[in-house]
Amino acid sequence: MSIPDSLPKAAPHDLENAPGTLHENLEGWVPPLATEEEIRTAFEKAFDYRGDLTVTLKNGQKIEGYIFDRNNDGPTLRDCMLRVMPKDRADKIKIPYSEIAALAFTGKDTAAGKSFAAWVKRYWEKKAAGENNIGIESDALEED
Amino acid sequence: MGVPVSQMWTVASYVIGQKLRGRKQYPVVLMLEPLFRCNLACAGCGKIQYPAHILKTDLTPEQCFAAVEECGAPLVSIPGGEPLMHPQIAEIVEGLVARKKYVYLCTNGLLLKEKIDQFKPSKYFSFVVHMDGQREHHDFAVCREGTYDKAVDGIREALQRGFRLTTNTTLFDGADAKSVREFFDDMMELGVEGMMLSPGYTYDKAPDQDHFLSKKKTRRLFRQILSNRREKWCFNMSPLFLEYLMGRREYRCTPWGMPTYNIFGWQKPCYLLQDGYADTFEELLRDTNWERYGTESGNPKCANCMVHSGYEASAVNDTFGSLGGFAATVRATLFDKYPDPDVDDDTPMAPRRSSGPLVQIGAAPDA
């Protein structure tokens with residue numbers, strides 16, 4: 001794991017409030033993969049993304065699935081790889097970065113908008129509308 | 001009631017055995033996640049945000065047994081997702097009990113009454129019902145009204161049938177210490193074996209990042225909650241870990257003490273951070289760069305963590321690691337009231353600077 005330089009080093013015993021991670025809105029993003037830095041950055045974000053992505057290989061094959069692991073520490077792109085659970089089969093695939101032509105954040109970001117503040121807002125809206133048994137339902141398991 | 005002597009003996013002899021063999025990194029509890037699906041959608045949980053095809057994937061009983069054998073930990077905790085939604089959960093529990101593992105099945109309790117016929121009481125098996133406080137606090141924390149009452153119904157049913165049962169409580173920024181103490185009374189009156197506690201922290205997979213506790217707030221809150229303890233309270237946790245939460249001692253993170261296995265493999269480095277996966281437990285121990293994790297590493301992702309998965313195994317290791325640690329555990333067990341005249345346990349402790357408003361059902365928010 002690389003620790004982003006932009007984050008302050010922890011001073012945990014002095015902190016009154018705990019700063020959290022800022023989650024970017026990446027749904028629909030097609031990152032540029034022109035330079036090695038762009039590739040490494042994009043694949044790190046792909047690993048953090050809570051939805052499916054579409055990986056296009058240099059041989060033209062497209063793989064849609066969830067990126068659950070990556071090795072971003074290799075000295076060259078040939079030494080780095082993504083690990084994907086494809087959407088259409090129970091399997092785990094390893095793909096070297098060097099074989100990837102394009103990446104797209106095509107699936108729904110399943111973490112987006114699920115903050116406690118959003119729940120509080122929703123609760124009071126429903127309460128004001130006179131509803132009872134208010135709650136957030138789990139996402140449906142139908143495929144996007 | 002309480003933790004069976006056989007369980008204490010099993011853990012003690014296991015840890016001492018590891019130490020005699022000179023193992024520096026050994027697991028105490030396997031966190032076995034057989035699925036990520038859940039019938040709740042709590043904002044504080046980062047365990048369930050996956051595409052549908054991932055949520056529909058389960059570990060098989062054989063995969064679970066193989067992971068347990070590979071890891072070797074004497075205790076197995078089964079979180080999730082909601083484990084009672086796994087179609088073969090009873091088979092998994094039965095297989096682990098047959099292997100003489102002490103199994104803690106973590107559940108929100110919503111399906112407990114419906115599924116309880118599938119299980120048999122055993123000293124090796126305990127339900128752990130997630131309860132985040134008194135009714136209004138719990139329902140608000142898990143983002144659904146009515147959840148507390150259903151869980152309590154399930155608890156009553158399980159206890160009446162002779163099952164071991166503990167509760168597990170996660171406390172977030174803005175928690176009301178007085179209410180938490182009353183909640184402990186309520187749970188002990190229900191007849192639970194013991195209670196587990198954990199501070200919520202800002203692990204980066206959690207979709208909500210604004211309602212977790214800093215270390216400073218965690219220590220202040222747990223000192224408030226756990227000082228001047230009432231006679232009837234019983235905690236199913238390491239007493240030294242509770243002292244750590246109260247700020248009475250310091251530990252280094254030992255995430256290998258509670259490794260996590262799920263459909264992706266062995267999770268690096270711990271139960272809450274997901275920094276990749278190893279295919280075998282040996283690979284997890286060998287290839288994870290452990291120096292990068294824990295508060296002491298300076299990793300900002302670990303800065304606020306005081307969670308059991310990183311630090312309770314450290315406390316257990318301390319108990320059996322030195323005469324001083326053992327003596328401290330005996331002392332903490334025998335003298336567990338922690339009188340503290342500076343802590344007023346009869347009045348609610350308002351958070352001094354909550355990073356978010358304390359909001360409860362039944363009271364309109366200020367904004």
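This passage describes the fold, helix packing, core and backbone features of a predicted two-chain model.

The secondary structure of chain A consists of 2 helices and 5 strands. Along the sequence these elements run α-β-β-β-β-β-α. Chain A has 144 residues, of which 29% are buried. Contacts in chain A with a separation of 6 or more were also examined; 51% of them link residues 24 or more positions apart.

Chain B holds 13 helices and 9 strands. Of its 367 residues, 54% are buried. Among contacts between residues at least 6 apart in chain B, 76% join residues at least 24 apart in sequence.

Two helix pairs of chain B were examined. The first pairs α3(B), residues 61–71, with α4(B), residues 89–98. Their axes come within 9 Å and cross at roughly 30°. An angle under 35 degrees counts as roughly parallel, and α3(B) and α4(B) are therefore roughly parallel to each other. Their crossing is right-handed. On the α3(B) side, the contact is made by Pro61(B), Cys64(B), Phe65(B) and Val68(B). These residues meet Glu91(B), Ile92(B), Gly95(B) and Leu96(B) of α4(B). By class, the contact comprises 6 nonpolar residues, 1 polar and 1 charged.

The second pair joins α1(B), residues 5–20, to α12(B), residues 308–321. Here the axes lie 10 Å apart, and the packing angle is about 75°. Helix α1(B) is thus roughly perpendicular to α12(B). Ala12(B), Val15(B), Ile16(B) and Lys19(B) of α1(B) face Val316(B), Phe320(B) and Gly321(B) of α12(B) across this contact. The contact of α1(B) with α12(B) contains 5 nonpolar residues, 1 polar and 1 charged.

The largest nonpolar core contains 128 residues. Within this core, Leu30(B), Leu32(B) and Val103(B) touch the most other members. With residues up to four places away in sequence set aside, Val103(B) touches Val76(B), Ile78(B), Val93(B), Leu96(B), Val97(B), Tyr124(B) and Phe125(B). Leu96(B) thus appears twice, as a contact of Val103(B) and as a residue of α4(B) that takes part in the contact with α3(B).

A glycine in helix α7(B), residues 147–160, was also examined: Gly154(B). It is buried, because 24 other C-beta atoms lie within 10 Å and the threshold is 20 or more. Beyond its neighbours within four places in sequence, Gly154(B) contacts Gly109(B), Leu112(B), Lys113(B) and Val129(B). Gly154(B) and Ala12(B) are separated by 142 residues in sequence and by 32 Å in space, C-alpha to C-alpha. Ala12(B) is one of the α1(B) residues that meet α12(B).

Backbone geometry in chain B shows two cis peptide bonds, described in turn. One joins Gly80(B) and Gly81(B), with omega about 10°. Gly81(B) sits in the loop between β2(B), residues 75–78, and α4(B). The other runs from Lys268(B) to Pro269(B), with omega near -10°. Pro269(B) belongs to strand β8(B), residues 265–269.

Positive phi values occur at two non-glycine residues, Lys100(B) and Asn228(B). For Lys100(B), phi is about 60°. This residue lies in the loop between α4(B) and β3(B), residues 102–107. Lys100(B) is exposed, because 10 other C-beta atoms lie within 10 Å and the limit is 12 or fewer. Asn228(B) has phi near 50°. Its loop connects α9(B), residues 215–226, and α10(B), residues 239–245. With 16 other C-beta atoms within 10 Å, Asn228(B) is partly exposed.

Conventions
Residues are numbered from 1 along each chain as its sequence is written. Chains are lettered from A and ligands numbered from 1 in the order in which they are written. This is a predicted model: local features need pLDDT of at least 70, side-chain atom pairs count only at pLDDT 80 or more; totals for chains, interfaces and linings use all residues. Axes are lines fitted to C-alpha atoms, for helices over the stretch in contact, and angles run from 0 to 180 degrees between N-to-C directions. Helices (H or I, at least four residues) and strands (E, at least two) are DSSP runs, numbered from the N terminus. Angles under 35 degrees count as roughly parallel, over 145 as roughly antiparallel, 65 to 115 as roughly perpendicular and the rest as oblique. A crossing is left-handed if the near helix is turned anticlockwise from the far one by less than a right angle, and right-handed if clockwise. Two residues are in contact if their C-beta atoms, placed from the backbone, lie within 7 Å. Ala, Val, Leu, Ile, Met, Phe, Trp, Tyr, Cys and Pro count as nonpolar, Asp, Glu, Lys and Arg as charged, and the others, Gly among them, as polar. A nonpolar core is a set of buried Ala, Val, Leu, Ile, Met, Phe, Trp, Tyr and Cys residues joined through C-beta atoms within 7 Å.
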